[in-house]
Amino acid sequence: MKLKSKWKKILAGALMAVMIWGLAACSGQEAAESAEATENAVTAAAEYLTKDDITVNETFDNSADGEHAIEVSGEEASYSNIGVTKTGEADGDEADFYGENSAVFATESGTLTISDSLIETNGTHANAVFSYGEGTVVNIADSVIETAGNCSGGLMTTGGGTMNAENLTINTSGNSSAAIRSDRGGGTVNVNKGYYKTTGTGSPVVYSTADITVSDSYMESAASQGIVVEGKNSVTLINDTLVADNNTKNGDKSDYYQAVMIYQSRSGDAAEGTSAFTAEGGSITNKNGDIFFVNNTATEISLKGVEITNEDENGVFLRAEAAGWGNEGSNGGKVNMNASGQTIRGNMLVDDVSALNLYLRDSSSFTGAINPDGQSGDVYVEIEDGSTWTLTGDSYISGLTVSDAGSIDLNGHKLYVDGKEYEAGSASTGTAFEIITESSSGSGAPEGMPGGEGGPGGPGGNPPSGNPPTGNPPSGNPPEKPGN
């Protein structure tokens, strides 16, 4: 489908203004890289679906509190060229965990396929498209989704459901309204191509308590983190453009802003254990604060050939430290950071209840300092031959493995390894810290709580009958969204 030329011009003009601002804030090589990153964002965002691209042949409207406009329960159904409108309100647990009040809802191992459609909601806890329960599969393609109320995600997956999305445009404007979202019980989410933007407070583009993969897509957050991973779950980005502008507080648990936040709230909605964030190719542009923030959890961060630009000169690349989640004294961030063919710029800060193992491989380069104010948390650095670390300030680490004399450029600064000053060009052998954790506490979902594929189909007629899942919601509070 071709985008109307006027929309291309409007969007390109707006993003070009952002690019010019970025140039004013940077200089030299950083300015060039910032310009290139934003130019790539312009290109990626200029080819997305709008309402004008959708031909609606059939409409489904629902305004009753807690009900659905379309529901599929234990059956297969396909819809194309439909318009769905949902208003009405719902309470948190039933809506967030079980799909009450969502516009489009699939459950009980049903399979729902939607294509070339427009889905709009305007109500509190009015998620747009919801997949609930093991064996339930939602496939949605070439469609536009808009949500206007608070706590109203674009795509929502819980209880082990599956969501497959292709070439969507999703815009959410409410608070706590991620474009791609999961909750208690998790599931599997696969998103390929499209445009995903959030403008509300506490509304990252992706909020994961599941295994979520996004590829070849443009993603932008205007007030929140770009990506949040909670607990023993994962986000994988492949050749995506991510622009994050976390500039509005959603609570008082942390003093910092960031593009990617990895944490454990201990609300019971995500298993405790090692999480994962993987990015390969594409770009991450951060407007405010830090690139990565890790708190109260252990995580594997893997970066391969990602163009990463931080437009905040005061922000750091990685901050692993205690904040308002977890128990004081044991709520730091434990990080394995694996860089492969990756350029990293910016400092890394690891506090005294946190740990970092940094691996630089396959001609990776790191330009920055680690804990420049002095020894704090446990930090191990391993530099494979052909990779480099150029210091921008004095650095304090606990262990170091390096054999190539040219791998470390002190650049006029000092590097201390376990309290001893490192001699330029010398070899060193150290030992990584154990940070991987598994929990015996389970998934955080109620016992017995429920986790497909397909493509767009033809018109489907009337929605199947049936009721949403019955029973009481899990005990505990609803998930606590990032508090920055």
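Let me start at a loop. E108 is found between β5 (104-107) and β6 (111-115). This is a predicted model, so treat everything here as computed. E108 is not a glycine, and yet its phi is positive, about 55°. Most residues other than glycine have a negative phi. Is E108 buried or exposed? Its relative accessibility is 51%, and the cut-off for exposed is over 50%, so E108 counts as exposed.

Now a second case. H125 also has a positive phi of about 55°, and it is not a glycine either. H125 sits in the loop between β7 (118-122) and β8 (129-132). Its relative accessible area is 10%, so H125 is buried.

On to the whole chain. The secondary structure comes to 3 helices and 39 strands. There are 484 residues, and 57% of them are buried. The accessible surface is about 17,900 Å², with 43% of that belonging to carbon and sulfur atoms.

Next, the sheet. It is open, it has 11 strands, and the pairing is parallel. The order runs β2-β5-β8-β11-β13-β15-β18-β21-β24-β27-β30. Which strands are at the edges? They are β2 (70-73) and β30 (348-350), each of which pairs on one side only. From one strand to the next, the twist averages 10°.

Let me zoom in on β18, residues 227-230. Both of its faces are covered. I227 and V229 are buried on one side, and V228 and E230 are buried on the other. Yes, that list includes a glutamate, E230.

Who are the partners of β18? Strand β15, residues 206-208, runs parallel to β18 and is joined to it by 3 bridges. There, S208 stands opposite V229. Strand β21, residues 258-263, also pairs with β18 in the parallel sense, over 4 bridges. In that pairing, V260 of β21 is the bridge partner of I227.

Step along once more. β21 is joined to β24, residues 290-295, by 5 bridges, and the two run parallel. M261 stands opposite F293 in β24.

Now the cores. In general, nonpolar side chains of soluble globular proteins tend to be buried together. Here, the largest nonpolar core has 81 residues. Which residues have the most contacts inside it? F277 and M337. Strand β12, residues 161-172, gives this core its largest share, 4 residues. Apart from that core lies another, of 8 residues, among them A178, M261, A323 and W325. We met M261 a moment ago, opposite F293.

Back to M337. Leave aside its neighbours within four places in sequence. Its contacts then include F292, I301, F317, L318 and I344. M348, L356, N357, L358 and Y359 are also in contact with M337.

Last topic, aromatics. The structure holds 11 aromatic pairs. Take Y396 and Y416. Why is this pair called stacked? The ring centres are 4.9 Å apart and the planes are at 10°, so the pair is stacked. The cut-off for stacked planes is under 30 degrees. Y396 lies in strand β35 (residues 395-397), and Y416 lies in strand β38 (residues 415-417). The pair therefore ties together parts that are 20 residues apart in sequence. Y396 has 22% relative accessibility, so it counts as partly exposed. Y416 has 18%, so it counts as buried.

One more group to look at: Y48, Y195 and Y218 form one aromatic cluster. That's my tour. Questions, please.

Methods:
Residues numbered from 1 in each chain as written. Predicted model: local features only at pLDDT ≥ 70, side-chain atom pairs only at ≥ 80, totals over all residues. Heavy atoms only, no water. Buried < 20%, exposed > 50% of the residue type's maximum accessible area, 1.4 Å probe, protein only. Pairing = 2+ DSSP bridges. Axes fitted to C-alpha atoms, helices over the stretch in contact; angles between N-to-C directions. Areas by Shrake-Rupley, 256 points an atom, 1.4 Å probe, with all protein chains shown as cover. Core = buried A, V, L, I, M, F, W, Y, C linked by side-chain atoms within 4.5 Å. Contact = heavy atoms within 4.5 Å. Phe/Tyr/Trp six-rings, centres within 6.5 Å; stacked < 30°, edge-to-face > 60°.
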